[in-house]
Amino acid sequence: MKKTVEEHAARFDEQADSYDDSKSPEYRACADLVIERAAPCGDDVVLDLGTGTGAIALALAPEAERVVGRDVSEGMMDRAREKAAREGIENVEFGRGTFREPAYDGPVDVVVSNFAMHHLSDEEKRTAIDVVAGLGARRFVLGDVMFFGEPDPEEPFYSPEVDDPATVGVLADALTDADFALTAVERVHEQVGVLVAELARGDDSSGRRDE
């Protein structure tokens, strides 16, 4: 990670008020794909890691039993809570958490993350994916900055001073090593994509891990 968690939190606190209006078409297309691919059922619990201002969490809430959003920026989550209240969405809960420590130990069926994991180093991404696998959700949908080819150093989609994107191959290998099966790769831009992974496990048809 090129910045500490605290530095990232402070940076996003400063951006919170203008964050939703500052996003690129690629970001919005990626978010739409994450929402589409998450596809929760009515009794599913969804965990949104790096929830930010809650765009993904709030979009999925009407289709899920409960959505739990985790982020390091209280400023961003304050905006998420305001939007939830304004829209009358009551089955969402936002609190501090990281990829390494999501601060949630309840049942979870679907994990999503959009434009957050690229702040981690490749080794940290592997650890994060292992943590997600350990949650026992049947599906993990990751939208992020990622390299489908060699990035053009003259036109980086990301900010090299704070971001550390991985190649699609590195992410796919990490998912496979964590016992996920990669079921879809969606390319939004040569440096933006969505990966969908299913976790194989022995359980009943409810989508939750056997105790």
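**Strands, cores and ring pairs in a predicted model**

R187 is exposed, with a relative accessible area of 54%, so it clears the 50% cut-off for that label. This is a predicted model, and R187 makes a handy way into it. R187 is found in strand β7. Setting aside residues up to four places away in sequence, R187 touches F148, V192 and G193. R187 also has G143 to reckon with: the two are 44 residues apart in sequence, and their C-alpha atoms are 9.8 Å apart in space.

Strand β7 has a partner of its own. β7 pairs with strand β8 (residues 192–199) in the antiparallel sense, over eight bridges. A hairpin of two residues takes the chain from β7 to β8. Within this pairing, E186 stands opposite V194 in β8.

A parallel pairing turns up elsewhere. Strand β2 (residues 66–71) and β3 run parallel and are joined by five bridges, with R70 standing opposite G95 in β3. To get from β2 to β3, the chain crosses through helix α4 (residues 74–87), and this β-α-β crossover is right-handed.

R66 sits in strand β2 too. R66 is partly exposed, because its relative accessible area of 32% falls between the 20% and 50% cut-offs. Neighbours within four places in sequence aside, R66 is in contact with D44, V45, V46, N91, E93 and Y104. The C-alpha atoms of R66 and E90 are separated by 8.8 Å, with the two positions 24 residues apart along the chain count.

Next comes the nonpolar interior. The largest nonpolar core has 31 residues, and V67, V92 and V112 touch the most other members. Several elements feed into this core: α2, α3 (55–60), α4, β3, β4, β5 and β8 each supply at least two residues. The largest share, six residues, comes from α2. As for V67, leaving out neighbours within four places in sequence, its contacts are V46, A57, L60, A61, N91, V92 and E93. N91 and E93 are also on the contact list of R66, as is V46. Apart from the largest core lies another one, of 29 residues, and its members include L49, V68, F99 and V168.

Then there are the aromatic rings. How many aromatic pairs does the model have? The count comes to two. In one of them, the ring centres of Y27 and F115 are 4.8 Å apart and the planes meet at 75°, so the pair is edge-to-face. Y27 and F115 come from distant parts of the chain, 88 residues apart: Y27 belongs to helix α2 (residues 25–38), while F115 is in the loop between β4 (110–114) and α5 (122–134). Y27 and F115 are both buried.

The other pair is formed by F140 and F180, and this one is tilted, with 6.0 Å from centre to centre and 40° between the planes. Distant parts of the chain are linked here as well: F140 lies in strand β5 (residues 139–147) and F180 in strand β7 (residues 180–189), 40 residues apart. F140 and F180 are both buried, whereas R187, also in β7, is exposed.

Two alanines deserve a look for their backbone angles. A39 has a phi near 45°, a positive value in a residue other than glycine. A39 lies in the loop between α2 and β1 (45–49), and A39 is partly exposed, with a relative accessible area of 41%. A103 has a positive phi as well, near 60°, again in a residue other than glycine. A103 is in the loop between β3 (92–96) and β4. Is A103 buried or exposed? At 52% relative accessibility, A103 counts as exposed.

Finally, E6 lies in helix α1 (residues 5–19). E6 counts as exposed because its relative accessibility is 55%. Along the chain, E6 and V72 are 66 residues apart, yet their C-alpha atoms are separated by 7.8 Å.

Notes. Residues numbered from 1 in each chain as written. Predicted model: local features only at pLDDT ≥ 70, side-chain atom pairs only at ≥ 80, totals over all residues. Heavy atoms only, no water. Phe/Tyr/Trp six-rings, centres within 6.5 Å; stacked < 30°, edge-to-face > 60°. Helix = DSSP H or I, 4+ residues; strand = E, 2+ residues; numbered from the N terminus. Buried < 20%, exposed > 50% of the residue type's maximum accessible area, 1.4 Å probe, protein only. Pairing = 2+ DSSP bridges. Right-handed = clockwise from strand over helix to strand, strands pointing away. Core = buried A, V, L, I, M, F, W, Y, C linked by side-chain atoms within 4.5 Å. Contact = heavy atoms within 4.5 Å.
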